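Please open the structure in a viewer and keep the selection panel at hand. The tour below proceeds from one selection to the next and states what is found at each stop.

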Amino acid sequence: MKKPIVALIYDFDGTLSPGNMQEFGFIQAVGKTPAEFWESSNNIATGQDASNVLAYMKQMFDEARACGISLRRSEFGKFGKEIELFDGVKEWFALVNGYGERQGVKVEHYINSSGLKEIIDGSPIAGEFKHVFAGSFIYDENGEAEWPGMAVDYTAKTQFLFKISKGIFSSEDNKMVNSSVSDDKKRIPISHMIYFGDGDTDVPCMKIVGMFGGFPVAVYDEKNDRKRASALKLKRQGRVKFITPAVYTKDSRAYKIVCAIIDKIKADCELEKLI
């Protein structure tokens, strides 16, 4: 039989990085503070009764144009290189992959983010992911961003769980993802998913993963009491099964949780063979 696949699916901002990805270069480049940028973005959303995600994308577009900054994929990638990551993130993927291999399990990593794919693709960990599901722009014939191509809010995130399950690596697809596929034909059952998130925008995904037997995990910045309180609230409400500091070293709670889940999934698969 084929090795079981375990999918680790991560939000990005607040989960792998201690801040929003726009705060590591872009906002400074347009001469704003993070507080000023997000206040303007939120005012657009509130004033127009619009999506917060589309509002921040418009804010980025307008600020860049006003400052003469070229919005090309290469420029977004430069901002991605400046992203700060939580302790242990760079080494995390090799750690988990190695443990999975020793247990006879294939591990895959995915991003499911309301941020920008173009920035994530420039980050130091971009090559670690099987696929990145995130927002993106449409580009004109000169390679300049001219319109939002994909805006990923907290409910849109849920579709990507089903795409990962069925082995669909396209943000555009809306046909295959809705096709009926029996559980035994799905590439990765949701019960083999571990979902890492840090806040309210991850709740729908956490709920779905938990409902279908998977493992939602809330992470929090140890230096941020508000984030810790949010994680504890998610645990009390039954939204997640585990909470852990956003530390990804070999001796971290996050690593122990993931290893234990891999062990359980492998044992369940072995037991299934005996039925």
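Begin by selecting I257, which is found in helix α10. The model is a predicted one. Is I257 buried or exposed? Its relative accessible area is 8%, so I257 is buried, the cut-off being under 20%. Next, display the residues around I257: leaving aside neighbours within four places in sequence, I257 is in contact with V217, F242, I243 and T244. To gain a sense of scale, add S114 to the selection. The C-alpha atoms of I257 and S114 are separated by 25 Å, and the two residues are 143 residues apart along the chain.

**An exposed lysine**

Move now to K90, which is found in helix α5. The relative accessibility of K90 is 52%, and because exposed means over 50%, K90 counts as exposed. Which residues does K90 contact, leaving aside its neighbours within four places in sequence? They are L85, P124 and I125. A second distance may be drawn from here: 30 Å separates the C-alpha atoms of K90 and I138, which are 48 residues apart along the chain.

**Aromatic rings**

Show the side chains of Phe, Tyr and Trp. The count comes to 16 aromatic pairs. Select F26 and F37, which form an edge-to-face pair with 6.2 Å from centre to centre and 80° between the planes. This pair links distant parts of the chain, with F26 in helix α1 (residues 26-29) and F37 in helix α2, 11 residues apart. Both F26 and F37 are buried.

Then select W92 and F196. Their ring centres are 6.2 Å apart and their planes stand at 85°, so this pair is edge-to-face. W92 lies in helix α5 (residues 89-102) and F196 in strand β5 (residues 193-197), so that the pair links parts of the chain 104 residues apart. Both W92 and F196 are buried.

Extend the selection to Y10, F93, Y99, F129, Y248 and Y255; ring pairs link these residues, together with W92 and F196, into a cluster.

For a contact of another kind, select K241 and F215. The charged end of K241 sits over the ring of F215, 4.9 Å from the ring centre.

**The largest pocket**

Turn on the surface for the next two stops. The largest pocket holds about 930 Å³ of space. Among its 33 lining residues, D13, N20, D198, T201 and K227 are the closest to its centre, and selecting them will bring the pocket into view. Which elements each supply at least two residues of this lining? They are α2 (34-48), α3 (52-67), β2 (106-116) and α9 (225-236). The most is given by α9, with 4 residues. Coloured by class, the lining of the largest pocket divides into 8 nonpolar, 15 polar and 10 charged residues.

**The second largest pocket**

Finally, go to the second largest pocket, where about 630 Å³ of space lies. Select K2, P4, P189, H192 and C269, the closest to its centre of the 21 residues that line it. Helix α10 (residues 253-273) gives the most to this lining, with 6 residues; this is the helix in which I257, the opening stop, is found. By class, the lining of the second largest pocket has 7 nonpolar, 3 polar and 11 charged residues.

Notes
Residues numbered from 1 in each chain as written. Predicted model: local features only at pLDDT ≥ 70, side-chain atom pairs only at ≥ 80, totals over all residues. Heavy atoms only, no water. 1 Å grid on protein atoms, 1.4 Å probe; cavity = no way out; pocket = protein on both sides within 12 Å on 5 of 7 lines; lining within 4 Å. Points joined across faces, edges and corners; volume = space filled by probe spheres on them. Nonpolar A, V, L, I, M, F, W, Y, C, P; charged D, E, K, R; others polar. Phe/Tyr/Trp six-rings, centres within 6.5 Å; stacked < 30°, edge-to-face > 60°. Buried < 20%, exposed > 50% of the residue type's maximum accessible area, 1.4 Å probe, protein only. Lys NZ or Arg CZ within 6 Å of the ring centre and 35° of its normal. Contact = heavy atoms within 4.5 Å.
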